[in-house]
Amino acid sequence: MSTAGQVIRCKAAVAWEAGKPLSIETIEVAPPQKHEVRIKILFTALCHTDIYYWECKGYTPLFPRILGHEASGIVESVGEGVTDLQPGDHVLPIFTGECKECKHCLSEESNNMCDLLRINCDRGVMLADGKTRFSINGQPIYHFVGTSTFSQYTVVHVGQVAKINPNAPLDKVCPISCGICTGFGATVNVAKPKKGQTVAIFGLGAVGLAAAEGARVCGASRIIAVDLNPKRFEEAKKFGITEFVNPNDYNKPVQEVIVEMTGGGVDRSVECTGSVQAMISAFECVHDGWGVCVLVGVPKIDDAFKTHPMNLLSERTLKGAFYGNYKPRTDIPLVVDKYLNKELGLDMDKFITHSVPFAEINQAFDLMLKGIGLRCMIHLDA
């Protein structure tokens with residue numbers, strides 16, 4: 001029986017206040033409006049960005065809210081004006097978008113800075129009418145980055161939905177919608193290490209290890225990991241890491257340690273922590289003359305990046321990378337196809353270290369807060 005055009009009642013994990021466990025509630029999900037898609041979410045995973053906005057440390061509180069943005073599912077219905085998606089399509093909702101019409105989307109030099117759908121963590125409503133599609137007994141529940149995947153059904157702007165090959169296993173490709181592409185693309189598409197070069201990766205979470213995989217695929221001769229958690233080092237070897245540096249083991253800045261290890265600095269570095277000090281270290285550890293540092297982690301709102309101008313004048317390059325420089329609707333279907341054809345060089349199973357039913361979603365938060373594992377797959381049908 002079709003549910004198109006009707007309000008759907010389903011389960012969602014609602015954040016009622018900062019830092020408190022999510023509550024599984026029965027919510028109402030309104031039909032999609034113009035340029036919107038309603039998606040049945042089958043799998044979702046927890047990302048550090050969800051943690052940051054759940055904790056609300058340094059961010060504007062917006063509750064009650066449905067978090068979640070790394071997910072996979074099937075289109076249930078589409079709103080007015082949606083022509084390239086239909087019910088039954090397999091999709092990945094993406095936290096940032098591609099309208100295909102703005103200056104950024106049409107530029108060959110800008111991949112995912114869409115004027116209309118660029119990530120906005122503070123907006124809790126839909127663009128079409130400034131209202132939410134979620135409610136509980138008439139009380140609005142706010143959206144998160146336009147995706148809100150901690151719900152069995154969600155409504156997303158069509159520009160934030162990537163249609164993928166229906167043969168792709170939705171649980172395996174789920175992390176492509178955020179963490180994997182963010183890290184892997186930062187290395188492959190932005191840092192672009194040449195075969196035989198040295199690469200430093202700051203941060204050994206899922207994004208950092210995806211960046212390490214990118215360095216491995218590019219043929220890096222040495223991949224040096226920098227992380228404060230020594231428990232992560234052994235597991236990271238599976239992702240191509242060859243050497244490990246814990247800044248706490250030294251009485252001098254870690255960039256100096258890496259410069260000494262490499263005889264002048266690494267050829268490329270990718271920072272995946274969000275720590276401004278790690279960003280500075282990542283930049284200052286690259287070799288003068290040709291070294292390239294790529295910043296991926298999201299800093300705190302009041303952070304400031306400080307380095308001596310001579311570090312730039314010495315012909316080091318500092319870049320930023322957003323979502324791995326992939327266009328969400330154009331590129332992500334191709335990434336999934338490459339994964340299916342074993343052309344990507346990535347083993348997705350290595351990233352999915354835990355799995356829980358939807359009712360136990362708070363376990364995923366506990367694991368991430370303790371620094372255990374990489375991605376915890378949450379089964380919304382379980």
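## A walk from strand β13 outward

Start by selecting strand β13, residues 268–271. Show its side chains: Arg268 and Val270 point one way, Ser269 and Glu271 point the other way, and all of them are buried. That is the pattern to expect, because side chains in a regular strand alternate between the two faces of the sheet. Before going further, keep in mind that this is a predicted model.

**The strands beside β13**

Now add strand β10, residues 198–202. β10 pairs with β13 in the parallel sense, over four bridges. To line the two up, put Ala200 and Ser269 on screen: Ala200 stands opposite Ser269 in β13.

Next, bring in strand β14, residues 292–295. The pairing of β13 with β14 is parallel as well, again over four bridges. Ser269 is a handy marker here too, since it stands opposite Cys293 in β14. How does the chain get from β13 to β14? Trace the backbone and you pass through helix α8, residues 276–284, in a β-α-β crossover that is right-handed.

**The nonpolar cores**

Zoom out and colour the largest nonpolar core, which has 105 residues. Which of its members touch the most others? Select Ile27, Phe150, Ile176, Ile332 and Phe351. Then highlight helix α5, residues 206–217: this helix gives the core its largest share, seven residues. Another core lies apart from this one; it has 17 residues, including Val226, Ala278, Cys285 and Val286.

For a close-up of the largest core, centre on Ile332. Leaving out residues up to four places away in sequence, Ile332 touches Leu92, Ala162, Ile176, Cys181, Tyr323, Tyr326 and Lys327.

From there, hop to Thr182 in helix α4, residues 179–191. Is Thr182 buried or exposed? Its relative accessibility is 10%, so Thr182 counts as buried. With residues up to four places away in sequence again set aside, Thr182 touches Phe95, Val207, Val296, Tyr323 and Gly324. Tyr323 was also on the contact list of Ile332.

**Aromatic pairs**

Time for rings: the whole structure holds eight aromatic pairs. Take Tyr53 and Phe144 to begin with. Their ring centres are 5.6 Å apart and their planes meet at 50 degrees, so this pair is tilted. Tyr53 belongs to helix α1 (residues 48–55) and Phe144 to the loop between β7 (139–141) and β8 (153–157), so the pair ties together parts that are 91 residues apart in sequence. Both rings are tucked away from the surface: Tyr53 counts as buried at 11% relative accessibility, and Phe144 is buried with a relative accessible area of 0%.

Stay in that β7–β8 loop and select Phe150, then add Phe365 from helix α11, residues 361–369. The centres of these two rings are 6.4 Å apart with planes at 70 degrees, so the pair is edge-to-face. Here the parts tied together are 215 residues apart in sequence. Phe150 is buried, with a relative accessible area of 0%, and Phe365 is buried too, at 2%. Now add Trp54 to the selection, and you have the cluster that ring pairs make of Trp54, Phe150 and Phe365.

One more ring deserves a stop. Select Phe239 and Lys350: Lys350 lies over the face of Phe239, at 4.8 Å from the ring centre.

**Around Ala15 and the strands β1 and β2**

Keep Trp54 displayed and go to Ala15, in the loop between β1 (8–14) and β2 (23–29). Ala15 counts as buried, because its relative accessibility is 0%. Who surrounds Ala15? Beyond its neighbours within four places in sequence, Ala15 is in contact with Leu22, Trp54, Phe63, Pro64, Arg65 and Leu67. Try a distance label between the C-alpha atoms of Ala15 and Leu67: they are separated by 7.3 Å, though the residues are 52 apart along the chain.

Then show both flanking strands. β1 and β2 run antiparallel and are joined by seven bridges; to see the register, select Lys11, which stands opposite Thr26 in β2.

Last stop: strand β6, residues 134–136. β6 and β2 run antiparallel, joined by two bridges, and Glu28 stands opposite Ser135 in β6.

Key: Residues numbered from 1 in each chain as written. Predicted model: local features only at pLDDT ≥ 70, side-chain atom pairs only at ≥ 80, totals over all residues. Heavy atoms only, no water. Core = buried A, V, L, I, M, F, W, Y, C linked by side-chain atoms within 4.5 Å. Buried < 20%, exposed > 50% of the residue type's maximum accessible area, 1.4 Å probe, protein only. Contact = heavy atoms within 4.5 Å. Pairing = 2+ DSSP bridges. Right-handed = clockwise from strand over helix to strand, strands pointing away. Phe/Tyr/Trp six-rings, centres within 6.5 Å; stacked < 30°, edge-to-face > 60°. Lys NZ or Arg CZ within 6 Å of the ring centre and 35° of its normal.
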